[in-house]
Amino acid sequence: MKINPRDVQMQKKDRMYFLDKIIIPEGNKKHLFNRGEIKFIKSDKYYMNVYCIDRRVLIRITMKQLENILPSNFLRINKSVIVNMSFVVRIEESKSSCCVILPNEIEHQVTEKFKLLFDSYFIHT
């Protein structure tokens, strides 16, 4: 029996993923997403709304847990939003603010607390 390397499950630190999938655990369930499917994630109290290309999924997990699970192209830009930097189409900066624009003009503010990390993303990519 030949094993397809794309189906091999990898474990690295606390991350669990298939080479082409992101796995987000929720209790006794595991939500699987294609790597390029998630546009952004927005918190709603104790839940996270995972906004994908063609659907939205509500998952009970913390932002901190998500930050540890997601690949490096996902970046937390404020207290309640993580964006997939692959979907950013424009960045608008002024002296006092910074916004990322996603497809369909979806706009998210980059807060000062996360601005340094946001800027360093472009240096290291």
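This report walks through the fold of one protein chain, a sheet within the fold, and a handful of its residues. Please keep in mind that the model is predicted.

**The chain as a whole**

Let's start with the overall inventory. The chain contains two helices and 12 strands. Reading from the N terminus, the order of elements is β-β-β-β-β-β-β-α-β-β-β-β-β-α. The chain has 125 residues, of which 38% count as buried. About 8,400 Å² of the chain is exposed, and 51% of that area is supplied by carbon and sulfur atoms. As for contacts between residues at least 6 apart in sequence, 34% join residues at least 24 apart.

**A five-stranded sheet**

Five of the strands come together in an open sheet, with the order β7-β6-β5-β9-β8 and antiparallel pairing. At the edges sit β7, residues 56–59, and β8, residues 74–78, each of which pairs on one side only. On average, neighbouring strands in this sheet are turned by 20° against each other, direction ignored. As general background, the strands of a sheet pair through backbone hydrogen bonds, in either a parallel or an antiparallel way.

If you would like one pairing to look at in the viewer, try β6 and β7. Strand β6 covers residues 47–52, and four bridges link it to β7 in the antiparallel sense. Within this part of the structure, Y51 stands opposite R56 of β7.

**Around H31**

H31 is a good residue to zoom in on. It lies in strand β4, which spans residues 29–34. Is H31 buried or exposed? With a relative accessible area of 17%, H31 is buried, because the cut-off for that label is under 20%.

Leaving aside residues up to four places away in sequence, H31 touches I22, I23, I24, E26, V57 and I59. One of these partners, E26, also makes a side-chain to side-chain polar contact with H31, at 2.7 Å. K21 lies 10 residues from H31 along the chain, and the C-alpha atoms of the two are separated by 9.8 Å.

**Cysteines**

How many disulfides does a search of the whole structure find? The search finds zero. For C99, the closest cysteine sulfur belongs to C98 and is 6.7 Å away, so the two sulfurs are too far apart for a bond. C99 is buried, at 8% relative accessible area. C52 also counts as buried, with a relative accessibility of 5%.

**Two loop residues with positive phi**

Finally, here are two residues to check if you look at backbone angles. K45 has a positive phi although it is a residue other than glycine, and N104 likewise shows a positive phi as a residue other than glycine. The table sets out their values.

| Residue | Phi | Loop | Relative accessibility |
|---|---|---|---|
| K45 | near 60° | between β5 (38–44) and β6 | 76%, exposed |
| N104 | near 65° | between β11 (98–102) and β12 (106–109) | 70%, exposed |

Why do K45 and N104 count as exposed? The label applies over 50% relative accessible area, so K45 at 76% qualifies, and so does N104 at 70%.

Note on methods
Residues are numbered from 1 along each chain as its sequence is written. This is a predicted model: local features need pLDDT of at least 70, side-chain atom pairs count only at pLDDT 80 or more; totals for chains, interfaces and linings use all residues. Side-chain values use heavy atoms; hydrogens and water are left out. Two strands pair if DSSP finds at least two bridges between them. Axes are lines fitted to C-alpha atoms, for helices over the stretch in contact, and angles run from 0 to 180 degrees between N-to-C directions. A disulfide is a pair of cysteine sulfur atoms within 2.5 Å. Buried means under 20% relative accessible area, exposed over 50%, partly exposed in between (1.4 Å probe, protein chains only). Contact means heavy atoms within 4.5 Å. A polar contact is a pair of N or O atoms within 3.5 Å; within protein, one must be able to donate a hydrogen and the other to accept it, and residues adjacent in sequence count only if both atoms are side-chain atoms. Accessible areas come from the Shrake-Rupley method with a 1.4 Å probe; for residues, only the protein chains shown count as cover.
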